Structure formats: C-alpha cells, structure tokens
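Got the structure open in your viewer? Here is a short tour, with something to select at each stop.

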Amino acid sequence: MKLTTYSVEGMSCMHCVHHVTMALKDVQGVNDVKVSLSEKTALVNADESVSFEALKAAVEDAGYQLAAK
Ligand SMILES: [Cu+2]
C-alpha cells in the first residue's frame, strides 16, 4: 500500500468532496481516501497496482480534475 497526495480541481462545496471521494473509493485497489476542499487535495491510500491514470479517469468521469502534486 502507498499513500499519495494529488491535487483536485473543480470542487466548490462538500457535495463535490463527496463525489470525488466516492469516485476514488470505487477504483479497484483503493483502500481509503481523504479529500480536502480547502486544500484542493485528495490523499489516497491504494495498492501498488493502482495507476494514476485509473484514478484520474475516475475523477474526470465525476466531473473534476486530478493531477499529480
Ligand atoms: Cu459542490
């Protein structure tokens, strides 16, 4: 498992935080997610097998942008 912090663009309220959190948690291999609205970040605890591309695609499907930090 590894912990990685990403930056998230497009969030404006706690509903957005919820959407991003759910999108990331739905990715296979993701164990835990903490999204911060004020810091515009997502702290992701995931298996080594989880790619950045998979996380980015999930967040984009939900309507937000994920970037390496
Ligand atoms: Cu919102």
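Start by selecting Ala-46: this is a predicted model, and in it Ala-46 is buried, because 22 other C-beta atoms lie within 10 Å and 20 are enough to count as buried. The residue belongs to strand β3. Show its surroundings and, leaving out residues up to four places away in sequence, you'll find it touching Met-1, Lys-2, Gly-29, Val-30 and Asn-31. For a sense of scale, draw a distance from its C-alpha to that of Ser-12: the two are 34 residues apart along the chain, and the separation comes to 25 Å.

Now colour the rest of β3, residues 41–46. One face of the strand is covered, and that's where Ala-46 sits along with Ala-42 and Val-44. Thr-41, Leu-43 and Asn-45 are on the uncovered face.

Next, bring in the strands on either side. Which strands pair with β3? β1 (residues 2–9) does so in the antiparallel sense, over six bridges, and β2 is also antiparallel to β3, again over six bridges. On the β1 side, click Lys-2, which stands opposite Ala-46, then Leu-3, whose bridge partner is Asn-45. On the β2 side, pick Ser-36 and look across to Thr-41, its bridge partner in β3.

From Ser-36, follow the chain into the loop between β2 (30–36) and β3, and stop at Lys-40. The hairpin has four residues between its strands. What is the phi of Lys-40? It is positive, about 55°, although this residue is not a glycine. That's worth a second look, since most residues other than glycine have a negative phi. Lys-40 is partly exposed: 16 other C-beta atoms lie within 10 Å.

Zoom out to see the whole sheet. It is open, with four strands in the order β2-β3-β1-β4 and antiparallel pairing. At the edges are β2 and β4 (65–68), each of which pairs on one side only. Turn the view edge-on and check the twist, which averages 30° from one strand to the next.

Two helices are next. α2 packs on the sheet, touching β1, β3 and β4, and its direction makes about 155° with that of β4. α1 lies across β1, β2 and β3, running at about 160° to β2.

Select α1 by itself, residues 14–25. Its 12 residues reach 16 Å from first C-alpha to last, close to the 16 Å expected at 1.5 Å a residue. Show side chains for Val-20, Ala-23 and Leu-24, the buried residues of this helix. Look down the axis: these buried residues fall within an arc of 95°, so they line one face of α1. They pack against β1, β2, β3 and α2 (52–61). Swing round to the other side of the helix for Met-14 and His-15, which are exposed.

Last stop: the largest nonpolar core, which has 15 residues. Which of them touch the most other members? Select Val-8, Val-20, Leu-24, Ala-42, Val-59 and Leu-66. At least two residues of this core come from each of β1, α1, β3 and α2. Finish on Val-59 and list its contacts, skipping neighbours within four places in sequence: Val-8, Val-20, Ala-23, Leu-24, Tyr-64, Gln-65 and Leu-66.

Notes: Residues numbered from 1 in each chain as written. Predicted model: local features only at pLDDT ≥ 70, side-chain atom pairs only at ≥ 80, totals over all residues. Buried ≥ 20, exposed ≤ 12 C-beta atoms within 10 Å, placed from the backbone. Pairing = 2+ DSSP bridges. Expected span 1.5 Å × (residues − 1). Arc of directions from axis to C-beta. Contact = placed C-beta atoms within 7 Å. Core = buried A, V, L, I, M, F, W, Y, C linked by C-beta atoms within 7 Å. Axes fitted to C-alpha atoms, helices over the stretch in contact; angles between N-to-C directions.
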